[in-house]
Amino acid sequence: MDRQLLRTVKQATKNHAGLMYHRLVGHIPHLLVVTLLVVVAPQLSTLTPEKVRALWNTAVNAPALAMACWAAALAAYTYASSRPQPVYLVDLAGYKPPVELEASRAKTIVHFSRCGRFSEQSMAFQKRMLERSGLGEATHFPMSLIRLPVDMCDRTAMEESHAVIFGVVDEVLRKTGVDAGDVGVLIFNSSLLSPTPSFTSLIVNRYKFRDDIVTHNLSGMGCSAGIIAIDLAKRLLQVHRNTYALVVSTENITLNAYMGNNRPMLVTNTLFRVGGAAILLTNRAGDRARSKYQLIHTVRTHRGAHDQSYGCVTQEEDEVGEVGVSLSKELMAVAGEALKTNITTLGPLILPMSEQLRFLATVVLKKVFRAQVKAYLPDFKLALEHFCIHAGGRGVLDELENSLKLSPWHMEPSRMTLYRFGNTSSSSLWYELAYCEAKRRIKKGDRVWQIAFGSGFKCNSAVWRALRTIDDAGESPWTQDVDVLPVDVPKVVPIDETSYQVPI
């Protein structure tokens, strides 16, 4: 992938340099005319013998003056060409699974107990976790896990992924009216399922994308991979001019449900659910007027050099060979360190000077004067209007709400995404942004901060600016629920298993 990207960059740079040279050569006659208009024309009305001689000297030196103007134009063009290309988000689509895939918490527990693979202790633990998870009564499982016996195989895994991928890509292309042949970059991310041919090849085949499309298939990067994909798309759009980039983010649940009795691996059963999103980006200036957002910053933090961070989220086999994802007890501490590193980089890019000075003052007092002062956490609400925090679980959201001093209003998109759709991995950020749109919160000029965490351990951020007020979100995964949300979600919500009747 890296070699392909390097070749693409070299070739595009070579082509762009040649194009720039020919354009500048073609503008030399225009520069000469402009030179005459700028230098000579203003003096015609007040001609004197002395000015005539001065004009003659100017004419004699016209080639030198024209060359100077040409050099100035070259410098200006080079500067303009080297500036980052603006990246716009045209529209997005979130997957809304069909009603038959909905599962209440009681149905989930009853179904788990009928699978016959969990001990009583494991069932009690999963029930206790689900009661405290923040999930609601209509999250979604793939059909492979809802039916009995469960059918966890490659065929059913691909059926799940096909439904999600084709659903969101169909929707985003329909909403934007963009032809598949106009898409020049395709990036797909799914952490735990990476088949051959790749998912990008699957999408190219399905939609008959053009032969020279640049594709990247990301795997193993956890729940933060969606922002990684956006950052990669941003970089590619600096090289490939006047095109669209399609980003598809999802996770496969079928092959990654855990059917063993290792407690650290059981947590994911109570959190992860079906979901996915497609995002269409562009660098075409003509699409700015209809785009929703402009990408302002992306900041990526990778703490993989630290053993504790590297090992806190791992896919592994238990003692009897059952595969699952294990979450360590150090996860919250690791996430906090990753967030601290990330916002230290992001803060100077977005915070007002007053907040930066307060932060700097506490650092100087602590590091230089050894003063016993509490570290100052900047108020990010002064720089951002909306916060889309990865809905990884209730504990993560509680911790970030306290750390960043956010209000319940700021946390509402994340909490309602967790409640309605569960943890949909890398796509959860887009459900949250879609919630803000559905609630008509987004006003022109508003800034949105997306924060995601993932295995490795990574913390990634993206900051967007709204280009227009969004009064009508159109087709959205929240269409049927927006009028009844938000709802209050207590810390503990007991599960009554008798409320679900097993079909006969």
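Tutor: Buried means under 20% relative accessible area, exposed means over 50%, and partly exposed is in between, using a 1.4 Å probe and protein chains only. This is a predicted model, where local features need pLDDT of at least 70, side-chain atom pairs count only at pLDDT 80 or more, and totals for chains, interfaces and linings use all residues. Residues are numbered from 1 along each chain as its sequence is written, and side-chain values use heavy atoms, with hydrogens and water left out.

Student: Okay, let's try Leu360: what does its relative accessibility make it?

Tutor: Find Leu360 in helix H14, residues 353-367 (helices are DSSP runs of H or I, at least four residues, strands are E runs of at least two, numbered from the N terminus). Its relative accessibility is 48%, so Leu360 counts as partly exposed.

Student: Which residues make the nonpolar surface patch of about 820 Å²?

Tutor: Patch members have over 30% relative accessible area and no salt bridge; like charges are joined within 9 Å, nonpolar side chains (Val, Leu, Ile, Met, Phe, Trp, Tyr) within 5 Å. Leu360 is one of them. The full set is Met353, Leu357, Phe359, Leu360, Val363, Val364, Leu365, Val368 and Phe369.

Student: And the second largest pocket: which helix gives the most to its lining?

Tutor: That pocket holds about 790 Å³ of space (a pocket is an open set of points on a 1 Å grid with protein on both sides within 12 Å along at least five of seven lines, and lining residues have an atom within 4 Å of a point). Of its 32 lining residues, the closest to the centre are Lys340, Ile343, Phe359, Tyr376 and Leu377. H13 (331-350), H14 and H15 (394-403) each supply at least two lining residues. With 9 residues, the top contributor is H13.

Student: By class, how many residues in that lining are nonpolar?

Tutor: Ala, Val, Leu, Ile, Met, Phe, Trp, Tyr, Cys and Pro count as nonpolar, Asp, Glu, Lys and Arg as charged, and the others, Gly among them, as polar. The lining has 7 polar and 7 charged residues, and the nonpolar count is 18.

Student: Now the cavity: how much space lies in the largest one?

Tutor: A cavity is where a 1.4 Å probe fits but cannot get out. The count comes to 1 cavity of 30 Å³ or more. Its volume, the space filled by probe spheres set on the grid points, is about 50 Å³.

Student: Which element gives the most to the lining of the largest cavity?

Tutor: Among the lining residues are Leu92, Ala93, Gly94, Lys175, Lys292 and Glu437. They come with a mix of classes: 5 nonpolar, 2 polar and 4 charged. Strand E1 (88-94) and helix H17 (428-438) each supply at least two. With 3 residues, the leader is E1.

Student: How many residues apart in sequence are the parts that Lys292 and Asp91 tie together?

Tutor: Their side chains meet in a salt bridge at 2.9 Å, N to O (a Lys or Arg side-chain nitrogen within 4 Å of an Asp or Glu carboxyl oxygen). Both are buried, Lys292 at 3% and Asp91 at 11%. Lys292 sits in the loop between strands E7 and E8 and Asp91 in E1, so the sequence gap is 201 residues.

Student: What about Glu102 and Arg420: how far apart in the chain are they?

Tutor: This pair also meets in a salt bridge, at 3.3 Å. Glu102 is partly exposed at 25%, while Arg420 is buried at 7%. Glu102 is in strand E2 and Arg420 in helix H16, and the separation is 318 residues.

Student: How many salt bridges does a search of the whole structure find?

Tutor: Another example is Lys381 with Asp379, at 3.0 Å. Bridges with shared partners also join Asp91, Glu171, Lys175, Lys292 and Glu437 into one network. The total is 28.

Student: Any backbone oddities? Which residue does a cis peptide bond join to Leu485?

Tutor: One cis bond runs from Gly456 to Phe457, with omega near 5°, and Phe457 lies in the loop between E12 and E13. The other is in the segment after E13, where omega is about 5° and Leu485 is joined to Pro486.

Student: Lys208 has a positive phi; is this residue buried or exposed?

Tutor: Its phi is near 55°, in a residue other than glycine, and it lies in the loop between H9 and E5. With a relative accessible area of 61%, Lys208 is exposed.

Conventions. Areas by Shrake-Rupley, 256 points an atom, 1.4 Å probe, with all protein chains shown as cover.
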